[in-house]
Amino acid sequence: MPQLVGIARLAAESPTLEAKRAVEYFELPTRNYLSKCDSPRMPFRRMINPYRGCEFGCKYCYARYTHEFMELRDPADFERKIFVKHFDKAAFRAELNALPRGETIAIGTATDPYQPAERRFLLTRSMLEAFASTSGFHIGLITKSDLITRDIGLFQEIARRHYLTLVITITTLDRELARRMEPLAPRPDLRLAAVRKLSAAGLRVAVNLAPILPLINDSDASLDAVAQASARAGAQKLGGNVVYLKPCTQSAFFPFLSEHFPSLLRRYRERFGRDAYLRGAYPETIRDRLNRIRRRYGLDAPDSETEPELWDPQLTLFS
Ligand code: SF4
C-alpha cells in the first residue's frame with residue numbers, strides 16, 4: 001500500500017466520532033479553517049467548509065473530488081464517511097482577525113454546512129458565533145437545509161455587523177425529482193419555507209437554482225416555477241448555472257441517469273465524455289432564459305448598499 005501523506009494521512013488516522021446507520025463521522029485535525037479562492041469567476045476570496053463529505057448525497061455533486069484527496073475513491077464514501085473539522089475557537093478567531101476588513105467569505109462552497117452532522121456537532125454554529133462577535137466582512141452562506149432557520153437569531157446579529165447573504169439552493173419544485181437527485185436533502189417545500197422564515201426575519205436571502213441539468217430541470221416551466229415560488233417566499237435574488245460533470249461526479253451521476261432517465265444516458269455520456277463543461281448555444285440559452293425569469297419576478301436586485309449598523313472597517317473586536 002502506498003504511504004499516505006498530507007490530508008490523506010490525516011483522514012486515515014482520524015478517530016471515529018460516531019457511526020450511525022451506514023454513515024461514519026470522523027474528527028479531522030485542522031490547521032486552517034479558511035482557504036483561499038483564486039478564481040476570478042467567483043465573487044469571494046475566502047471559503048469555509050466545516051465538514052468534508054456530505055450526507056445529502058446529491059447525484060450531481062461536484063465536490064466528490066474532495067474525498068479523492070483523502071484517497072477515498074468509492075463515490076459512496078463522500079456520503080458515508082463524513083469528516084468533522086476539529087474546532088479550535090481561538091485559532092479560528094485568530095484567522096478571522098488576520099483578514100483584511102471588507103474581505104469576502106463564502107461558507108459552504110464545497111459541502112453543506114447544515115447537513116445532518118451539524119445537528120450533532122454544531123460546528124457551523126460555532127463558527128457563526130465567532131462571526132457574531134466581529135464585524136466588517138462580506139459573508140455568504142449556502143445550503144439546501146431548512147436547519148439553517150435554527151440560527152436565525154445568530155444571523156440577525158451577524159447582519160448587524162457584516163454584509164450577509166443567505167443562499168438556499170432549490171433545483172426543482174418537483175418533490176419526486178428532488179428525492180431522486182438529492183436523496184437525503186430536505187424537500188423543496190421545506191427549503192422554500194426556510195426562505196420565507198429567513199426573509200420574514202429581515203435577512204437577505206437569495207435562491208440558487210443550480211445545477212441546471214439538460215432535459216431534466218431546465219424547461220422554462222420548471223425554472224419559472226422555482227423563481228415564482230422563491231419571489232413569493234421573499235427571496236431577493238436568483239442565481240443559477242448549468243451542471244458540469246467531472247469524472248468523479250460522472251461515476252455517481254451516470255448510474256442515476258441509467259436508473260431514472262435511461263433515454264438520456266447516451267447523450268450525457270457523449271457530451272460530458274468530451275468535456276466536463278457544456279459550451280456554446282446551450283449555456284447561452286439557459287443564461288438568457290434565467291435573465292428573463294429574474295426580471296419577470298424582480299429577482300435581480302442589486303447588492304445591498306445599506307451599511308450594517310455595527311459595520312467597522314477598522315475593527316478588531318475579539319477579546
Ligand atoms: S448538498 Fe451540496 S455538498 Fe451536499 S451532496 Fe448536495 S451538492 Fe454536494
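**Entry 1. Overall fold**

I take a contact to mean heavy atoms within 4.5 Å. I worked throughout on a predicted model. On that basis I looked up how far apart in sequence the contacting residues lie: of the contacts in the protein with a separation of 6 or more, 79% are between residues 24 or more positions apart.

I then recorded the overall dimensions. The C-alpha atoms fill a box of roughly 60 × 55 × 35 Å along the principal axes. The radius of gyration is 20 Å, which agrees with the value near 20 Å for a compact globule of 319 residues. I counted 13 helices and 11 strands. Of the 319 residues, 51% count as buried. The accessible surface comes to about 15200 Å², and carbon and sulfur atoms hold 50% of that area.

**Entry 2. Nonpolar cores**

I looked next at the interior. In soluble globular proteins, nonpolar side chains tend to be buried together. Here the largest nonpolar core has 79 residues, and Phe-131, Phe-155, Ile-216, Phe-253, Leu-257 and Tyr-268 have the most contacts inside it. I followed Ile-216 outward: leaving aside residues up to four places away in sequence, Ile-216 touches Leu-177, Met-181, Phe-253, Leu-257, Phe-261, Leu-264 and Tyr-268. Another core lies apart from the largest one; it has 5 residues, including Phe-26, Leu-28, Met-70 and Phe-83.

**Entry 3. Helix α7**

Which residues of helix α7 are buried? In this helix, residues 152-161, I found Ile-152, Leu-154, Phe-155, Ile-158 and Arg-161 to be buried. The buried residues of α7 pack against helices α6 and α9 (188-200) and against strands β8 (138-143) and β9 (163-169).

I also noted a salt bridge within the helix. Arg-160 pairs with Glu-157, with the closest N and O atoms 3.0 Å apart. Both residues lie in α7, 3 residues apart, about one turn of the helix. Arg-160 is partly exposed at 31% relative accessible area, and Glu-157 is likewise partly exposed, at 22%. A separate look at shared partners showed that salt bridges join Glu-118, Arg-125, Glu-129, Arg-150 and Asp-151 into one network.

**Entry 4. Salt bridges between distant parts of the chain**

I obtained a count of 20 salt bridges. One of them joins the side chains of Arg-46 and Glu-103, at 3.1 Å from N to O. This pair links distant parts of the chain: Arg-46 is in strand β4 (residues 46-48), and Glu-103 is 57 residues away in the loop between α4 (89-97) and β7. Are these two partners buried or exposed? Buried means under 20% relative accessible area. Arg-46 is at 17% and therefore buried; Glu-103 is at 3% and also counts as buried.

A further salt bridge brings together Glu-79 and Arg-64, at 2.9 Å from N to O. Glu-79 belongs to helix α3 and Arg-64 to the loop between β5 (51-52) and α2, 15 residues apart. I found both Glu-79 and Arg-64 buried.

**Entry 5. A nonpolar patch on the surface**

I searched the exterior for nonpolar area. Tyr-62, Tyr-65 and Phe-69 make a nonpolar surface patch of about 300 Å². Phe-69 sits in the loop between α2 (65-68) and α3 (77-80), and its relative accessibility of 48% makes it partly exposed. I also checked a distance from this residue: the C-alpha atoms of Phe-69 and Arg-9 are separated by 9.9 Å, with their positions 60 residues apart along the chain.

For a second pair I took Pro-116 and Leu-10, which are 106 residues apart in sequence and 23 Å apart in space, C-alpha to C-alpha. Pro-116 is in the loop between β7 (104-107) and α5 and is partly exposed, at 24% relative accessibility.

**Entry 6. Backbone geometry**

Where is there a cis peptide bond? I found one from Ala-210 to Pro-211, with omega near 5°. Pro-211 lies in strand β10 (residues 205-212).

I then listed positive phi values outside glycine. Leu-122 has a phi of about 55°; this residue is in the loop between α5 (117-121) and α6 (123-131) and is partly exposed at 36% relative accessible area. Leu-215 has a phi near 65° and lies in the loop between β10 and α10 (220-233). The cut-off for exposed is over 50% relative accessible area, so Leu-215, at 52%, counts as exposed.

Technical notes
Residues numbered from 1 in each chain as written. Predicted model: local features only at pLDDT ≥ 70, side-chain atom pairs only at ≥ 80, totals over all residues. Heavy atoms only, no water. Core = buried A, V, L, I, M, F, W, Y, C linked by side-chain atoms within 4.5 Å. Buried < 20%, exposed > 50% of the residue type's maximum accessible area, 1.4 Å probe, protein only. Patch = residues over 30% accessible without salt bridge, like charges linked within 9 Å, V, L, I, M, F, W, Y side chains within 5 Å. Areas by Shrake-Rupley, 256 points an atom, 1.4 Å probe, with all protein chains shown as cover. Salt bridge = Lys/Arg side-chain N within 4 Å of Asp/Glu carboxyl O. Helix = DSSP H or I, 4+ residues; strand = E, 2+ residues; numbered from the N terminus. Rg over C-alpha atoms; globule rule 2.2 N^0.38 Å.
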